[in-house]
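Open the model in your viewer and set it to cartoon. Keep the selection tool at hand.

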Amino acid sequence: IKINNEVVTELGTKVNPGEKVEYQGKVLQAEKLVYVLLNKPKGFITTTDDPFERKTVMNLVEKACEERIFPVGRLDLNTTGLLLFTNDGDLAKKLTHPKHGIKKLYHVVLNKPLTQNDYMKIAEGVELEDGMTKVDKIAYAEAGADKKQIGVELHSGKNRIVRRIFESLQYDVVRLDRVSFAGLTKKDVPRGKWRFLKDIEINRLKMIP
């Protein structure tokens, strides 16, 4: 292996962006970084491979690019909405690490109206089997006209967290849709479709402290 025409003799040698790397006489190209935003429909599991041959989110983005991309975080089988895919491992790690507090906004439809008492309980925090969970914001959708529809913003990445919050208070979540993720929205992304992120969006994500 050569870096800038010099043979590498030391293990763990770092390569800086823009340097020329050769292996067996061929110049290696760094893989192009790709960022794809999907509006996930129901009925697809968030995994790159499924031994039971169920439909996965990878089926929906398989024609997006030649690069091998991975979902950032996950959405349940019956949860719809925004899911980001990328081959940028550093950004994926940042967007899923709890310390960065990445905000997610969900539209929740319940099987019965949410009482004011339970609304206040969720706002103040509910105790689940894996500890106390607080949402960042909660509001009745449509100015409270339909108390079965709730907007919830939170940064927790715990598994099935939104469903578990409402189930702990004896509500069933009929529909769950992630309408915003890390400042990205579903604008111009119909259900089941995807688009590439714009440069301004990528730069904004990379600037997250």
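The tour below goes stop by stop through a predicted model.

**Stop 1: the small sheet at the start of the chain**

Select strand S1, residues 2-3. S1 pairs with S2 over two bridges, in the antiparallel sense. Show Ile3 as sticks: opposite Ile3 stands Glu6 in S2. Now widen the view. S2 and S1 belong to an open sheet of four strands, ordered S2-S1-S3-S4, with antiparallel pairing. S2 (6-7) and S4 (26-27) are the edge strands; each has a single partner strand, so one side of each lacks a neighbour in the sheet.

**Stop 2: a loop residue**

Go to the loop between helix H1 (58-61) and strand S6 (70-71), and pick Glu66 there. Is Glu66 buried or exposed? Glu66 counts as exposed, with 84% relative accessibility. Add Lys32 and draw a C-alpha to C-alpha distance: Glu66 and Lys32 lie 9.7 Å apart in space, though 34 residues separate them in sequence.

**Stop 3: strand S12 and its partners**

Select residues 149-154, strand S12. Five of its six residues are buried, so S12 is largely enclosed by the rest of the structure. Next, add S8, residues 104-110. Six bridges join S8 to S12, and the two run antiparallel. Then add S11, residues 137-140, which is joined to S12 by four bridges and is also antiparallel to S12. Which residues stand opposite Ile150? Val108 does, and so does Tyr140.

**Stop 4: helix H3**

Move to residues 116-124, helix H3, and colour Asp118, Tyr119 and Ile122: these are buried. Look down the axis of H3. The buried residues fall within an arc of 105 degrees, so they line one face of the helix. An α-helix has 3.6 residues a turn, so residues three or four places apart point the same way. What do the buried residues of H3 pack against? Their neighbours are strand S9 (126-128), S11 and helix H4 (161-167). Turn to the other side of H3, where Asn117 and Glu124 are exposed. Just after the helix, check the backbone of Gly125: its phi is positive, about 115 degrees.

**Stop 5: the largest pocket**

Switch on a surface. The largest pocket has a volume of about 330 Å³. Its lining holds 21 residues, and the closest to the pocket centre are Arg74, Tyr106, Gly157, Lys158 and Arg178. Now colour by element: helix H2 (89-96), S8, H4 and strand S13 (173-181) each supply at least two residues of the lining. Then colour the lining by class: eight residues are nonpolar, six polar and seven charged.

**Stop 6: helix H5**

Finish at helix H5, residues 199-206. Glu201, Ile202 and Leu205 are buried here. Seen down the axis of H5, the buried residues fall within an arc of 100 degrees, so they line one face of the helix. Which elements do they pack against? Show strands S5 (35-40), S7 (79-86), S14 (184-185) and S15 (194-196), along with H2: the buried residues of H5 pack against these. Rotate once more to the other side of H5, where Asp199 and Ile200 are exposed.

Conventions:
Residues are numbered from 1 along each chain as its sequence is written. This is a predicted model: local features need pLDDT of at least 70, side-chain atom pairs count only at pLDDT 80 or more; totals for chains, interfaces and linings use all residues. Side-chain values use heavy atoms; hydrogens and water are left out. Buried means under 20% relative accessible area, exposed over 50%, partly exposed in between (1.4 Å probe, protein chains only). Two strands pair if DSSP finds at least two bridges between them. The arc is that of the directions from the helix axis to the C-beta atoms. Contact means heavy atoms within 4.5 Å. On a 1 Å grid over the protein atoms alone, a cavity is a set of points where a 1.4 Å probe fits but cannot get out, and a pocket is an open set with protein on both sides within 12 Å along at least five of seven lines; lining residues have an atom within 4 Å of a point. Grid points are joined across faces, edges and corners, and a volume is the space filled by probe spheres set on the points. Ala, Val, Leu, Ile, Met, Phe, Trp, Tyr, Cys and Pro count as nonpolar, Asp, Glu, Lys and Arg as charged, and the others, Gly among them, as polar.
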